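Reader: Got a minute to go through a model with me? I'd like to talk about its core and its rings.

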Amino acid sequence: RLLAATRRAADWLVAAQDDDGCWRRHRSPFTTTDTAVYNTRSAFGLVRAYAAVPDPRYLQAAQRNAAWALAQAAPNGWLPGNCLSRQPDDRALTHTIAYALRGLLEIGVALGRTELVEQALRMGRAVAQAQRADGALPGYLGPDWRPLARWSCVTGNAQMALNWLRLARETGAADLVAHAHAANRFNMAIHELTAAQPERRGGVRGSYPLSGEYMQWRYPNWAAKFFMDALMLQALGPDTPNIGC
């Protein structure tokens, strides 16, 4: 039953993809943009689908999307149009930057495409330069990789911690491990383990503070998911093989 669902989902992604590798149809209700470079994370899903249902179309579609995304990159590694909504200054959430990075990294590793891994490493190092002393990342970064928000996207912190650990394993960039641990420490410090309201206890905020622009005043379930992923990967160590997170 699960394999059948995997095949249906992967077939749908392949059918929805444009010839250049981009997905423009059936956009998420959370976004107002015409294109989404962060959909490389969806393309990574096709790589995982291929492992269970070895249809070569899945790998081909993943590679087309990654190649399209890479073609958009600026010389400094910035990916334009990489946010959930149209931004006049092309800023992007650390959440969506992390999505794009992870997709490029994992597709590159799976298919042996070093140019994709190198792009992911370039992005990972650029984001690391924006990390604050307390371990948090600004909610938005600009095309020059400079901070454009004082609040932090907690989901993006967790995703980048995971990305930095994966990059350390796949590229040997051991210096990124410290950035991952710092991001996890920040998220642990703000994790609401003793909230008076039971529905908040253990939840992970969309932004810190809660008034930040990403998932404002909310506790999205995917923030908790990526936080757990990042903590588990840190506990297992940077030499852990590519686990399902």
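Author: Here is a quick pass through the core, a polar contact and the aromatic pairs. Keep in mind that the model is predicted.

Reader: Core first. How many residues are in the largest nonpolar one?
Author: It has 75 residues. Those with the most contacts inside it include Leu 46, Ile 97, Trp 145 and Trp 164.

Reader: Which helix gives the most to this core?
Author: Helix α6, residues 154-171, with nine residues.

Reader: And what is Trp 145 in contact with, leaving aside neighbours within four places in sequence?
Author: Among others, Trp 78, Ile 97, Met 123 and Val 127. Asn 76 and Gly 77 are also on the list.

Reader: Switching topic. Glu 106: buried or exposed?
Author: Glu 106 counts as buried, because its relative accessibility is 2%. Glu 106 is in helix α4. Its side chain makes a polar contact of 2.8 Å with that of Arg 166.

Reader: Now rings. How many aromatic pairs are there in the whole structure?
Author: Five. In one of them, the centres of Phe 30 and Trp 222 are 6.2 Å apart and the planes are at 70 degrees, so that pair is edge-to-face.

Reader: Where do Phe 30 and Trp 222 lie?
Author: Phe 30 is in the loop between α1 and α2, and Trp 222 is in helix α8. The pair therefore ties together parts 192 residues apart in sequence. Phe 30 is exposed at 53%, while Trp 222 is partly exposed at 26%.

Reader: What about Tyr 140 and Trp 151?
Author: Also an aromatic pair, edge-to-face, 5.5 Å centre to centre and 80 degrees between the planes. Tyr 140 is buried at 7%, and Trp 151 is buried at 10%.

Reader: Which charged end sits over the ring of Tyr 140?
Author: That of Arg 91, 5.2 Å from the ring centre.

Methods. Residues are numbered from 1 along each chain as its sequence is written. Side-chain values use heavy atoms; hydrogens and water are left out. Helices (H or I, at least four residues) and strands (E, at least two) are DSSP runs, numbered from the N terminus. Buried means under 20% relative accessible area, exposed over 50%, partly exposed in between (1.4 Å probe, protein chains only). A polar contact is a pair of N or O atoms within 3.5 Å; within protein, one must be able to donate a hydrogen and the other to accept it, and residues adjacent in sequence count only if both atoms are side-chain atoms. A nonpolar core is a set of buried Ala, Val, Leu, Ile, Met, Phe, Trp, Tyr and Cys residues joined through side-chain atoms within 4.5 Å. Contact means heavy atoms within 4.5 Å. Rings of Phe, Tyr and Trp (its six-membered ring) pair if their centres lie within 6.5 Å; planes under 30 degrees apart count as stacked, over 60 as edge-to-face and the rest as tilted. A charge sits over a ring if NZ of Lys or CZ of Arg is within 6 Å of the ring centre and within 35 degrees of the ring normal.
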